[in-house]
Amino acid sequence: MIHSLQINDLTAILAERPGKPMFYLLTPFPLPADKAEIWAQAFHCSLAVVSGMDWDNDLTPWPAPAVPKGTEPFQGRAPEFLKEMVESVVPQVEESLQATPPRRVICGISLSGLFATWAFLQTSLFHDLGSISGSFWYQDFLQWLSGEASQATFPADPSHRCYFSLGNKEGGATGNATFADIQAQTRRVVEIFHNMGYTATFEQTLGNHYVDPEPRIRAMLKALQ
């Protein structure tokens with residue numbers, strides 16, 4: 001069953017499979033409902049594709065300088081957006097299911113991959129995590145993750161699976177220098193999650209940042225189904 005919910009300024013496209021894990025996928029724009037249905041059927045899950053957030057500001061964990069230069073600085077409103085997810089989005093989505101799913105997975109791409117990774121360590125609401133091309137270049141994120149976040153409130157254990165992927169053409173000497181070290185930064189994130197006690201996996205996929213996301217989404221759903 002497919003339907004759409006309007007929750008404040010957010011749109012959630014739902015593909016429901018009662019009794020199956022619920023994936024919350026944060027995207028910059030709504031995905032076609034039939035695509036969500038195909039994925040839910042193929043990977044035996046329920047899927048809520050959530051869009052409509054302020055991409056640069058709702059998904060960033062604290063204020064930081066603009067990237068690239070000349071654009072607006074990041075406002076860092078992730079704590080407020082996570083509160084909206086916990087108090088409004090998840091309850092309304094699952095009310096439509098009329099059942100609590102056996103497992104929740106928070107997933108994102110690029111800045112929403114950064115947010116998903118940060119949010120996973122802020123609340124026990126989500127059992128698993130998926131991050132595609134996460135923006136781990138974000139100022140002070142690795143320092144926070146290897147320091148304060150390593151002593152997270154919620155104890156890690158291997159039953160919690162954390163999946164990370166990155167395109168093989170991302171980073172490098174060409175383009176914006178801020179993104180140059182994203183390959184090493186992503187592998188460092190995986191290492192930190194592994195050392196914290198989670199089951200953390202990394203997959204190298206084809207392509208550059210944000211190009212043809214569908215195969216990457218399918219790979220993530222398959223890995224975490």
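These exercises work through one predicted model.

**Exercise 1. At what angle do the axes of helix α3 and helix α4 cross, and which residues make the contact?**

Solution.
- Step 1: Locate the helices. Helix α3 covers residues 78–97, and helix α4 covers residues 111–120.
- Step 2: Take the axes. They come within 11 Å and cross at roughly 75°.
- Step 3: Classify the angle. Angles of 65 to 115 degrees count as roughly perpendicular, so α3 is roughly perpendicular to α4.
- Step 4: List the contact. From α3 come Ala 78, Pro 79, Phe 81 and Leu 82. From α4 come Phe 115, Trp 118 and Ala 119.
- Step 5: Sort by character. The residues of this contact of α3 with α4 divide into 7 nonpolar, no polar and no charged.

**Exercise 2. How many residues of α4 are buried?**

Solution.
- Step 1: Set the cut-off. Buried means under 20% relative accessible area.
- Step 2: Count. In α4, 10 of its 10 residues are buried, and the helix is mostly covered.
- Step 3: Check against Exercise 1. Phe 115, Trp 118 and Ala 119 are among the buried residues of α4. These three also contact α3.
- Step 4: Note the others. The buried residues also include Ser 112, Gly 113 and Thr 117.

**Exercise 3. Which backbone atoms does the side chain of Ser 112 reach?**

Solution.
- Step 1: Place the residue. Ser 112 lies in helix α4.
- Step 2: Judge its exposure. Ser 112 has a relative accessible area of 0%, so it is buried.
- Step 3: Find the oxygen partner. The Ser 112 side chain reaches the backbone oxygen of Leu 26 at 2.9 Å.
- Step 4: Find the nitrogen partner. The Ser 112 side chain reaches the backbone nitrogen of Ile 109 at 2.6 Å.
- Step 5: Add the contacts. Neighbours within four places in sequence aside, Ser 112 touches Leu 26, Trp 55 and Leu 59. Leu 26 thus appears both as a contact and as a backbone oxygen partner.

**Exercise 4. Asn 8 and Asp 140: where do they lie, and is each exposed or partly exposed?**

Solution.
- Step 1: Read phi. Asn 8 has a positive phi of about 55° and is not a glycine. Asp 140, also a residue other than glycine, has a positive phi near 70°.
- Step 2: Place Asn 8. It sits in the loop between β1 (2–7) and β2 (10–15).
- Step 3: Place Asp 140. It sits in the loop between β6 (128–132) and α5 (141–146).
- Step 4: Apply the cut-offs. Exposed means over 50% relative accessible area. Asn 8 is at 52% relative accessibility, so it counts as exposed. Asp 140 is at 42%, so it counts as partly exposed.

Note on methods
Residues are numbered from 1 along each chain as its sequence is written. This is a predicted model: local features need pLDDT of at least 70, side-chain atom pairs count only at pLDDT 80 or more; totals for chains, interfaces and linings use all residues. Side-chain values use heavy atoms; hydrogens and water are left out. Axes are lines fitted to C-alpha atoms, for helices over the stretch in contact, and angles run from 0 to 180 degrees between N-to-C directions. Helices (H or I, at least four residues) and strands (E, at least two) are DSSP runs, numbered from the N terminus. Angles under 35 degrees count as roughly parallel, over 145 as roughly antiparallel, 65 to 115 as roughly perpendicular and the rest as oblique. Contact means heavy atoms within 4.5 Å. Ala, Val, Leu, Ile, Met, Phe, Trp, Tyr, Cys and Pro count as nonpolar, Asp, Glu, Lys and Arg as charged, and the others, Gly among them, as polar. Buried means under 20% relative accessible area, exposed over 50%, partly exposed in between (1.4 Å probe, protein chains only). A polar contact is a pair of N or O atoms within 3.5 Å; within protein, one must be able to donate a hydrogen and the other to accept it, and residues adjacent in sequence count only if both atoms are side-chain atoms.
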